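Please look over the model shown below, with attention to how its strands and helices are arranged. The report that follows is meant to be read beside it.

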Amino acid sequence: MRVVVIGGSGNAGAAIVRALGRRGAQAVPVSRSGKAIAGAPGAKADIVSGDGLDAALEDADVVVDASNSRNPLDLKPFTIGARNVVAAAERAGVHRAVLLSILGVDRSKLQYHRKKHEQELTYLGSSLEVAVVRASQFHEWSVDFFEAGAAVGAIPVFLGGRLQPVDVAEVAELVADEATAPSGQQIIDFAGPQVRVSRDLARAWQTATGARGLIVNGPFPPTMLDYLRSGANLTEERKGKVSFEEWLARRR
């Protein structure tokens with residue numbers, strides 16, 4: 001089985017490529033660099049311009065979209081990019097797609113999430129058989145904020161926000177399962193084993209790393225705080241097993 005992974009060089013995409021390899025699938029990581037991942041030869045393509053997509057999707061059985069945008073002001077990968085990937089997949093005769101998304105994007109007013117939901121709708125409105133895996137925030141997500149803040153002595157937390165952080169490797173296993181042995185579900189919610197407040201995660205991170213800094217309420221956009229306070233990013237449907245502390249211990 002040939003599975004093309006859009007965004008295959010990113011954090012989640014690379015984990016998905018590895019999970020597919022463990023299942024015996026031929027994973028093809030697609031990125032602008034075209035680099036190989038875990039021994040799987042890469043393909044070079046730009047989903048926004050469309051360059052290289054037809055060649056990358058040739059003979060594919062399944063397309064997995066794990067694309068992301070590092071620039072919160074440039075969300076074209078979720079709009080133009082999604083439309084280009086879907087169109088190329090349909091031209092190539094691909095029958096199935098698995099999209100990695102985020103829990104609660106359909107209920108969030110955060111612009112990043114609105115565009116992710118638009119990406120979902122592009123896939124769901126296509127001729128492809130689609131499964132959308134909506135995951136909670138990865139463990140790395142909070143740590144990125146903590147590390148950036150610690151560099152200036154102030155570790156930011158989300159006042160009143162709750163998270164259910166999940167191990168990206170567990171998400172990758174679920175995505176790989178949907179790609180190779182589909183459950184038939186169209187929307188699949190998945191989160192970590194524990195609901196936590198941001199301040200507790202910051203304390204656990206400091207304990208594990210020895211990082212210094214004052215824990216402070218961060219100057220986050222109201223739409224982000226509203227989302228994290230609403231519970232839209234939490235689920236009891238399916239939960240992983242790796243806690244934040246366990247994940248931290250594995251990083252040492």
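What follows describes a predicted model, beginning with its sheet and then turning to the helices.

**The sheet**

Seven strands form an open sheet with parallel pairing, and their order is E3-E2-E1-E4-E5-E6-E9. Strand E3 (43-44) and strand E9 (187-190) are the edge strands, each of them pairing on one side only. Three of the strand pairs, with a pair of opposing residues for each, are set out here.

| Strand pair | Bridges | Sense | Facing residues |
|---|---|---|---|
| E1 (residues 2-6) and E4 | four | parallel | Val3 and Val62 |
| E4 (residues 62-65) and E5 | four | parallel | Asp65 and Leu99 |
| E5 and E6 (residues 129-135) | seven | parallel | Ser101 and Arg134 |

Two of these pairs are also linked through helices: E4, helix H3 (residues 80-92) and E5 make a right-handed β-α-β unit, and the chain then passes from E5 through helix H4 (residues 111-124) to E6 in a β-α-β crossover that is likewise right-handed.

**Strand E5 and its surroundings**

How many of the residues of strand E5 (residues 96-102) are buried? Seven of its seven residues are buried, and the strand is accordingly described as mostly covered. The cover extends to both faces, since Arg96, Val98, Leu100 and Ile102 are buried on one side, while Ala97, Leu99 and Ser101 are buried on the other. Two of these residues also appear in the pairing described above, for Leu99 stands opposite Asp65 of E4, and Ser101 has Arg134 of E6 as its bridge partner.

Helix H4 lies across E4, E5, E6 and E9, and runs at about 165° to E5. Helix H6 (residues 168-180) also packs on the sheet, where it touches E1, E4, E5, E6 and E9, and its direction makes about 155° with that of E5.

**Helix H5**

Helix H5 (residues 139-150) has 12 residues, and the distance from its first C-alpha to its last is 17 Å, which is close to the 16 Å expected at 1.5 Å a residue. Which residues of H5 are buried? They are His139, Glu140, Ser142, Val143, Phe146 and Gly149. The elements that cover these buried residues include the helices H1 (11-22), H6, H7 (198-209) and H9 (244-251), together with the strands E7 (154-157) and E8 (162-163). Helix H6 thus figures in both settings, as it packs on the sheet and is also among the elements covering the buried residues of H5.

Notes: Residues are numbered from 1 along each chain as its sequence is written. This is a predicted model: local features need pLDDT of at least 70, side-chain atom pairs count only at pLDDT 80 or more; totals for chains, interfaces and linings use all residues. Side-chain values use heavy atoms; hydrogens and water are left out. Buried means under 20% relative accessible area, exposed over 50%, partly exposed in between (1.4 Å probe, protein chains only). Helices (H or I, at least four residues) and strands (E, at least two) are DSSP runs, numbered from the N terminus. Two strands pair if DSSP finds at least two bridges between them. A crossover is right-handed if, with the strands pointing away from the viewer, the path from the first strand over the helix to the second runs clockwise. Contact means heavy atoms within 4.5 Å. Axes are lines fitted to C-alpha atoms, for helices over the stretch in contact, and angles run from 0 to 180 degrees between N-to-C directions. The expected span of a helix is 1.5 Å times one less than its number of residues.
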